[in-house]
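Please look over the sequence and the structure shown here before reading on. The briefing then takes up a few local features in turn.

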Amino acid sequence: MEKVKTLIIGSGPAGYTAAIYASRSNLQPVLYRGIQPGGQLTTTTIIENFPGFKDGIDANQLMMEMNQQAVNVGADVRDGAIVKADLSKRPFICEDERGNVIEASTVIIATGASAKYLGLPDEEKYRGQGVSACATCDGFFYRKRTVAVVGGGDTACEEAMYLSGLAKKVYMIVRKPFLRAAEIMQKRVMEQENIEILFNTNTVGLFGEQGVEGAHLVRNKGEQNEENYDIAIDGFFLAIGHTPNTELFKGQLELDQQGFIITKPRSTATNIEGVYAAGDVADPIYRQGVVAAGTGAMAAIEAERFLQDKGEK
Ligand SMILES: Cc1cc2nc3c(=O)[nH]c(=O)nc-3n(C[C@H](O)[C@H](O)[C@H](O)COP(=O)(O)OP(=O)(O)OC[C@H]3O[C@@H](n4cnc5c(N)ncnc54)[C@H](O)[C@@H]3O)c2cc1C
């Protein structure tokens, strides 16, 4: 059985940054890249809000650079996924998809999260051409334009408020006859002049020649007064939640209601000593590359201090 001081699961900004820090403090980390080497950012084009690149940078290139940086400082970066993790006692026993078993003194989980979509074929067709699941990432491209936000919870209200500061007009497409957000958030969106809430409304499709130009909607679906109509929009933002990649750890780690790993305040420590969580997998709030990278660094520093304290470094 292979023994490692630090096993890092995931190759987004959190995983690679953890690998860079852990390598530089001589933890000789092993990192598994999983089915999406480079993580979520490999599904976008230019990233303009990662510091250090004054003109933005191609997100795939950024992730390749992070991979190479981790390798250059000594990380053992491997293809493949971790398919089993027994965190019941230290050292933790993990297995990769080829059946290799690893005994890890510390584990850094950086498996990320995926945005939920409605499941319409048009979302796929227009992804990156008007369809987005991140207002903070893409809102800037819709300055003085018209956008729609799908969802009626806190996140949807926050995204709508954020976009209302950039866009000319924001529609909120809400399936229910009410918002599920906290009262203060509801009040804010209702009072915001350029936000119009479309209650009892579902999206059935999107249209446009070169990118999104509008959405086909249905009001009061299945009722006598059902009504189909279109709105003209330039951007379609999903805000119906994220699914964190925590299947492997269910029943072992403390998770919140949505499945995000709960970490200690101002720390990446989980409820299990020696197991750390960094990036989107433990972040239902910010979900940004730079935040993921920051928490990746924290996780590696915390793992190093833990091993130092245990005399296992
Ligand atoms: C289309 C799009 C555009 C975005 N634009 C921006 C932007 O402009 N600016 C910004 O800051 N953020 C942006 N984001 C958000 C950003 O991508 C995320 O916040 C960031 O990637 C989170 O990094 P992470 O390291 O936590 O995980 P992720 O990037 O989600 O990576 C998770 C990693 O875990 C791996 N993994 C999962 N399960 C396993 C397993 N069992 N074994 C091994 N590996 C596993 C995957 O293969 C993947 O490598 C965007 C996201 C999307 C989807």
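What follows covers a helix pair, a sheet, a pocket and a cavity.

The model is predicted. Among its features are the packing of helix 1 against helix 7, an open sheet of three strands, and empty space in the second largest pocket and in the largest cavity.

**Helix packing**

- Helix 1, which spans residues 13-24, packs against helix 7, residues 289-310, at an angle of about 35°, and the two axes lie 7 Å apart.
- The crossing that these two helices, helix 1 and helix 7, make is right-handed.
- On the side of helix 1 the contact is made by Pro 13, Ala 14, Thr 17, Ala 18, Tyr 21 and Ala 22, while helix 7 contributes Gly 289, Ala 292, Ala 293, Gly 296, Ala 297, Ala 300 and Ile 301.
- Sorted by class, the residues in this contact of helix 1 with helix 7 are ten nonpolar and three polar, with no charged residues.

**The open sheet**

- Three strands in the order 14-15-16 make up an open sheet, and their pairing is antiparallel.
- Strand 14 (201-207) and strand 16 (227-232) are the edge strands, each of them pairing on one side only.
- On average, and with direction ignored, neighbouring strands of this sheet are turned by 25° against each other.
- Strand 14 runs antiparallel to strand 15, residues 214-219, and six bridges join the two; for Thr 203, the bridge partner in strand 15 is Leu 217.

**The second largest pocket**

- The second largest pocket holds about 310 Å³ of space, and 19 residues line it, of which Thr 263, Ala 282, Asp 283, Pro 284 and Thr 295 are the closest to its centre.
- Helix 7, with three residues, gives the most to the lining of this second largest pocket.
- The lining of the second largest pocket is made up, by class, of eleven nonpolar, five polar and three charged residues.

**The cavity**

- How many cavities of 30 Å³ or more does the structure hold? There is one cavity of that kind, and the space in the largest cavity is about 50 Å³.
- The largest cavity is lined by Ala 115, Lys 116, Ala 133, Thr 155, Glu 159, Leu 238, Ala 239, Ile 240, Gly 241, His 242 and Arg 287.
- In the lining of the largest cavity, five residues are nonpolar, three are polar and three are charged.

Definitions and conventions. Residues are numbered from 1 along each chain as its sequence is written. This is a predicted model: local features need pLDDT of at least 70, side-chain atom pairs count only at pLDDT 80 or more; totals for chains, interfaces and linings use all residues. Side-chain values use heavy atoms; hydrogens and water are left out. Axes are lines fitted to C-alpha atoms, for helices over the stretch in contact, and angles run from 0 to 180 degrees between N-to-C directions. Helices (H or I, at least four residues) and strands (E, at least two) are DSSP runs, numbered from the N terminus. A crossing is left-handed if the near helix is turned anticlockwise from the far one by less than a right angle, and right-handed if clockwise. Contact means heavy atoms within 4.5 Å. Ala, Val, Leu, Ile, Met, Phe, Trp, Tyr, Cys and Pro count as nonpolar, Asp, Glu, Lys and Arg as charged, and the others, Gly among them, as polar. On a 1 Å grid over the protein atoms alone, a cavity is a set of points where a 1.4 Å probe fits but cannot get out, and a pocket is an open set with protein on both sides within 12 Å along at least five of seven lines; lining residues have an atom within 4 Å of a point. Grid points are joined across faces, edges and corners, and a volume is the space filled by probe spheres set on the points. Two strands pair if DSSP finds at least two bridges between them.
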